[in-house]
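Let's take a walk through this one together. Keep the viewer open and follow along as we go.

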Amino acid sequence: MINFLLVCWYDIDLLLQGSLVIFQQHNAIPVRAFAKEAARPTFKGDEMLKGVFFDIKNKFQAAVDILRKEKITLDPEDPAAVKQYANVMKTIRQKADMFSESQRIKHDIDTETQDIPDARAYLLKLQEIRTRRGLTDELGAEAMMFEALEKVEKDIKKPLLRSDKKGMDLLVAEFEKGNKKLGIRKEDLPKYEDNLELSMAKAQLDELKSDAVEAMESQKKKEEFQDEEMPDVKSLDIRNFI
């Protein structure tokens, strides 16, 4: 299980300016493979797919080039090793023009909520996205947001629309009160994002270490390797295997 803090930002255009939600998530890294296709007539769609293919290929090559240079120690309990791994992954994302985890989640919410007119439907969509992605509310921020909405709608005596500037200002003010109770400040957002990346790095290192140990133990069971001593997983250098 990969546990880490996820910060949901606040943006008045999307509804939640002044609100900050912290979650935990189980995360997995996707792997894609491509096969060479036989030559055939070129069409406009083929050129587009070719462009996509080369874009992904270039990003993959950029990642491999970095991994060939950077030393990664498979020790999730060592803060220095975790920080180094997080820095390597950050460099890869920057070179390959990829989203960080918080950016990916923000993008999902942006695209799925852009046409929602009312505040309640927006919050329900956030709840749906959270559930679908396996996120758990760590601080009870989701309940706080619904309580704030209930209070505002009771005051204005009607459902709150996102186009209602006065009503949205009231909601933002309620969110800010809730954030204060939870000890969450907008200026701390970079710190939360850094903690998120470190938590992800630690969890991914733990998975890599487990996979390496499992592979070595499986090899050790083979007759030709039974007399060999299994190396310390921390001594492995993945640059030797790329």
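Before we start, one cut-off: a residue counts as buried under 20% relative accessible area, as exposed over 50%, and as partly exposed in between. By that yardstick aspartate 97, with a relative accessible area of 64%, is exposed. Bear in mind that this is a predicted model.

Now for the overall layout. The protein has seven helices and three strands, and from the N terminus on they come in the order β-β-α-α-α-α-β-α-α-α. Of its 242 residues, 37% count as buried. If you take the contacts with a separation of 6 or more, 65% of them are between residues 24 or more positions apart.

Start with helix α2, which covers residues 79–96. Its 18 residues reach 26 Å from the first C-alpha to the last, close to the 26 Å expected at 1.5 Å a residue. Which of its residues are buried? They are Ala81, Val82, Tyr85, Ala86, Val88, Met89, Ile92, Arg93 and Ala96. These residues cover an arc of only 160° around the axis, so they sit on the same side of α2. Turn to the other side of α2 and you find Pro79, Ala80, Lys83, Gln94 and Lys95, which are exposed.

What does α2 meet elsewhere in the chain? Look at alanine 201, in helix α7. At 3% relative accessibility, alanine 201 counts as buried. Leaving out neighbours within four places in sequence, alanine 201 is in contact with Val82, Tyr85 and Ala86, and those three are among the buried residues of α2. Valine 88 is 113 residues away from alanine 201 in sequence, yet their C-alpha atoms are 9.6 Å apart in space.

Back to aspartate 97, which lies in the loop between α2 and α3. Most residues other than glycine have a negative phi. Aspartate 97 goes the other way, with phi near 55°.

Past that loop comes helix α3, residues 101–113. With 13 residues, α3 reaches 18 Å from its first C-alpha to its last, close to the 18 Å expected at 1.5 Å a residue. Its buried residues are Glu101, Ser102, Ile105, Asp108, Ile109 and Thr113. Seen down the axis of α3, they fall within an arc of 125°, so they line one face of the helix.

Next up is a helix pair. Helix α4 (residues 119–132) and helix α5 (residues 141–156) pack at an angle of about 170°, with their axes 11 Å apart. That angle is why α4 counts as roughly antiparallel to α5. On the α4 side the contact is made by Ala119, Arg120, Leu123, Leu124, Gln127 and Arg130, and on the α5 side by Glu142, Met145, Phe146, Leu149, Glu150 and Glu153. Sorted by class, this contact has six nonpolar, one polar and five charged residues.

In the loop between α5 and α6 lies lysine 157. This residue has a positive phi of about 60° although it is not a glycine. Lysine 157 is exposed, too, with a relative accessible area of 71%.

Finish with proline 231, in the segment after α7. Is this proline buried, partly exposed or exposed? With a relative accessible area of 41%, proline 231 is partly exposed. Not counting residues up to four places away in sequence, proline 231 touches Met216 and Leu236. Valine 213 is 18 residues from proline 231 in sequence and 9.5 Å from it in space, C-alpha to C-alpha.

Methods: Residues numbered from 1 in each chain as written. Predicted model: local features only at pLDDT ≥ 70, side-chain atom pairs only at ≥ 80, totals over all residues. Heavy atoms only, no water. Axes fitted to C-alpha atoms, helices over the stretch in contact; angles between N-to-C directions. Helix = DSSP H or I, 4+ residues; strand = E, 2+ residues; numbered from the N terminus. Parallel < 35°, antiparallel > 145°, perpendicular 65-115°, else oblique. Contact = heavy atoms within 4.5 Å. Nonpolar A, V, L, I, M, F, W, Y, C, P; charged D, E, K, R; others polar. Expected span 1.5 Å × (residues − 1). Buried < 20%, exposed > 50% of the residue type's maximum accessible area, 1.4 Å probe, protein only. Arc of directions from axis to C-beta.
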